[in-house]
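Subject: Structure handover

Hi,

Here is the structure you were due to receive. Please load it first, then read my notes below.

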Amino acid sequence: MEQYNVTGMSCAACVAHVEKAVNKVPGVTNCAVSLLTNSMNVEGTASESDILKAVENAGYGASKKGASQAADSVQSKEEALKDKESPVLAKRLAVSVVFLVVLMYFSMGHSMLGWPIHSFFNNAVSIAVIEMLLAIIIMSVNAKFFKNGFKSLFMRAPNMDALVALGSSASFVYSLAVLFSMINAQALGNSEDVMRYSMDLYFETAAMIPTLITVGKLLEALSKGRTTDALKGLMKLAPKTAVLEKNGEEVEVPIESVSHGDIFIVKPGENIPVDGIVVSGNSAVNESALTGESIPVDKSLGDTVSAATTNKSGYLKCRATRVGEDTTLSQIIKMVSDASATKAPISRIADKVAGIFVPAVIGIAIIVFMIWIFTGHTFSFAIGRAIAVLVISCPCALGLATPVAVMVGSGMGAKNGILFKTAASLEAAGKIDIIALDKTGTITSGEPKVTDVYPAKGIDVKTLVGYAASLEKQSEHPLARAILAYADENKYILGETKDFKALPGNGLSGMIDGKTIKGGNQTLFGESFSKHEDIVEMGNRLAEEGKTPLYFAADEEILGLIAVADVIRTESPKAIKELKNMGIRVVMLTGDNQRTADAIGKEAGVDNVVAEVLPDGKEAVIRELQKSGKTAMVGDGINDAPALTRADVGIAIGAGTDVAIDSADVVLMNSRLSDVPAAIRLSRAAIRNIHENLFWAFFYNAVCIPLAAGAYIALTGWTMSPMVGAAAMSLSSFTVCMNALRLNLFDVHSTKKDKKRKSKNQLFIDEIKIEKPMEENVMKKTINIEGMMCGHCEASVKKALESLEGVASAEVSHEKGTAIVELTAEVADDVLKKAVEDKDYKVTGINA
């Protein structure tokens with residue numbers, strides 16, 4: 001996708017003309033133009049010169065965002081977003097108002113209210129000439145309307161400026177003709193005709209129209225500037241300098257001078273300049289600028305830090321890993337900018353209307369003029385109605401209805417750690433009917449933790465955990481780390497382990513305090529359980545709940561059991577309940593066995609559980625779910641990439657270290673499932689805001705154009721002055737922008753306004769069975785493996801085997817001690833064996 005700057009656009013009609021012109025260029029597959037950011041995204045193989053020529057032939061200016069501009073610094077991007085339009089409009093308006101006040105004094109103050117003027121001007125013709133000169137000055141100050149407007153007419157692509165130019169020019173030309181009639185009448189000494197003609201002057205209208213439109217443009221520019229406040233706020237977070245360690249000294253350098261691998265220093269109270277890894281020091285870092293989470297995060301050796309976060313307490317020394325455009329902050333800024341430059345599908349209706357709106361309005365104005373003339377009304381009355389139609393019509397509101405809401409919505413999301421990649425994803429997230437959640441790392445924490453400690457009679461918890469942790473500290477197994485972490489949290493003292501041995505397929509053993517300590521599954525102990533039926537029963541019950549019970553004994557006497565499991569995040573049940581209250585069906589996808597999956601699914605509160613699925617199996621489940629409605633997939637963005645890509649909306653959770661996940665449409669900076677309903681809530685609020693804006697834009701024109709044309713005169717007697725029409729037009733775009741800014745007040749985590757969305761498709765498949773088609777020439781091999789003890793062992797072996805070229809899938813069972821692999825190409829037995837044994841498990845045989 002190539003990005004271009006476009007100049008000269010003033011309304012939705014301009015956008016439609018540019019898009020139409022560029023889409024006609026051979027090789028262009030898609031073109032999206034944003035009135036809010038004056039930018040254009042072009043996809044396809046067309047050359048830059050052809051695209052620029054097409055834009056210029058349409059009557060607008062264009063330039064490509066070159067390498068230096070597309071990959072510029074955050075500071076230069078901030079400069080690009082700076083409001084440069086408002087100061088120019090403010091100066092233009094100030095000059096216009098000064099002369100308009102004088103003009104209105106003569107035309108209204110003296111002529112209608114009898115305010116005093118110098119005797120030199122005290123005749124109708126002199127006043128008319130002064131009004132003409134003042135109108136010319138004001139029209140010259142606002143010459144941009146006339147240049148752009150008449151240019152667009154000559155290019156046969158009329159825009160809003162054309163309506164303003166036609167309305168003001170018609171008023172001026174008609175008034176000029178009336179002035180010549182006044183001069184002729186005065187020359188003939190006919191004072192009555194002079195006074196009668198003076199009542200038909202529209203010089204004040206010719207001047208008032210561009211002045212009021214400038215008021216509207218200024219208000220619009222100011223409110224449009226506020227829609228980018230969130231993005232500019234992010235940019236302001238970027239530090240301008242960094243302190244590097246060079247030759248043992250601290251040297252302050254510009255941020256642009258920091259390179260990958262540099263060692264930088266961050267003192268308490270300072271912002272972290274680039275992404276990096278802590279190489280020394282400890283501190284608490286406030287990451288709220290990126291994640292929206294106000295509680296500081298502890299950082300120590302080996303932890304990652306991100307640019308624009310704040311070091312709150314300690315002294316940190318870090319090594320730069322991402323600099324410039326690669327930092328997390330820059331990626332967030334790019335994502336929000338790109339989302340604002342894209343178009344939401346909901347804007348298509350407005351785009352279609354905008355393409356024909358201005359020509360239609362010009363046609364309506366001509367018809368209105370002719371109708372009033374043919375029905376016997378005066379030329380002055382007829383031209384007044386036609387001019388009112390021209391100046392009250394507002395295509396700007398149509399063009400801004402969607403992009404301003406998208407910009408504010410994307411910015412609000414970024415403030416809360418929710419990043420929408422495109423306007424389409426912002427819209428689609430609020431329309432989903434079904435959401436599929438990956439279990440590991442999404443519903444659960446992704447790391448095993450101790451859930452239950454059940455000591456045997458006569459044994460206390462401290463003794464059981466002390467022996468267990470002392471034994472497990474020699475192991476690198478994930479379950480061992482969970483027991484060690486539990487012992488550390490409770491400050492249990494560990495003993496020294498001697499003669500440590502791993503018992504393949506069963507567990508561990510070692511000498512601690514002169515006792516032989518064993519730990520492992522039920523198979524390891526056999527007859528030792530004869531006196532401990534309660535422990536066996538407890539272990540079986542915990543296993544049914546999806547937990548892994550580990551048993552420990554000292555000199556063949558059972559000490560008790562410790563259950564370990566990948567525990568559910570504390571916020572998961574609440575987040576899932578919120579999703580269900582929003583009318584969304586929640587499905588959990590996992591590669592775990594059915595028993596473990598059902599236990600976790602029940603605890604989490606999901607509607608459906610799909611277990612024992614591979615990554616490609618998850619993608620097939622998503623396909624099946626899509627038959628029942630719009631489906632979103634929530635995963636970690638790596639193993640779940642196929643499913644994330646297949647889903648109507650792919651949501652990557654816990655991706656704060658890499659926000660540029662290609663397979664996801666929405667990226668959540670925090671590892672919080674609660675941000676999923678928040679993202680949907682924000683999407684629905686943005687869609688609702690867009691609907692309100694579009695309704696206002698269509699309603700305004702549907703009501704005001706007939707009013708300006710005089711359609712209600714017979715019923716109500718209402719007529720509209722062209723000046724009132726210009727004022728109404730100037731406020732319509734401002735109203736749309738201000739309505740979009742209300743999104744800044746929206747609380748994405750509040751459930752008060754949650755409603756169940758009505759789905760067009762109520763069908764749902766309660767039992768999802770994905771039959772994986774067998775490919776031709778698929779071979780199977782069964783690998784017998786010793787040393788696997790739990791689901792984590794299965795996952796480790798499974799990942800190792802499926803990473804091999806030629807291995808389509810691997811079905812691993814620690815209970816059976818086997819791995820059944822499906823091969824799409826010949827893979828040597830020694831290659832399979834090495835992959836498993838590299839993970840510290842023993843292969844005892846491979847059968848075809």
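Two strands count as paired if DSSP finds at least two bridges between them. Helices (H or I, at least four residues) and strands (E, at least two) are DSSP runs, numbered from the N terminus.

Ground rules next. This is a predicted model, where local features need pLDDT of at least 70, side-chain atom pairs count only at pLDDT 80 or more, and totals for chains, interfaces and linings use all residues. Residues are numbered from 1 along each chain as its sequence is written, and side-chain values use heavy atoms, with hydrogens and water left out.

**The four-strand sheet**

The sheet is open, with strand order 28-29-27-30 and antiparallel pairing. Strand 28 (807-813) and strand 30 (842-847) are the edges; each has a single partner strand, so one side of each lacks a neighbour in the sheet. From one strand to the next, the twist averages 20 degrees.

Now the pairs. Strand 28 and strand 29 run antiparallel and share six bridges. There, S813 has T818 of strand 29 as its bridge partner. Four residues separate these two strands in their hairpin, and G817 has a positive phi near 70 degrees. Strand 27 is also joined to strand 29 by six bridges, again antiparallel. I783 has its bridge partner, A819, in strand 29. Strand 27 (residues 779-786) pairs with strand 30 over five bridges, in the antiparallel sense. E786 sits opposite K842 of strand 30.

How many residues of strand 29 are buried (under 20% relative accessible area; exposed is over 50%, partly exposed in between; 1.4 Å probe, protein chains only)? Five of six, leaving the strand mostly covered.

**Helices on the sheet**

Helix 30 (residues 791-802) lies across strand 27, strand 28 and strand 29 (818-823). It runs at about 165 degrees to strand 28. Axes are lines fitted to C-alpha atoms, for helices over the stretch in contact (heavy atoms within 4.5 Å), and angles run from 0 to 180 degrees between N-to-C directions. Helix 31 (residues 829-837) packs on the sheet and touches strand 27, strand 28, strand 29 and strand 30. Its direction makes about 150 degrees with that of strand 30.

**The three-strand sheet**

This one is open too, in the order 10-9-12, with antiparallel pairing. Strand 10 (297-299) and strand 12 (310-311) are its edge strands, each pairing on one side only. Strand 9 (residues 283-286) and strand 12 run antiparallel, joined by two bridges. N286 stands opposite T310 of strand 12.

**Cysteines**

The structure has zero disulfides (cysteine sulfur pairs within 2.5 Å). C14 counts as buried, because its relative accessibility is 0%. C318 is buried at 0% as well.

Best wishes
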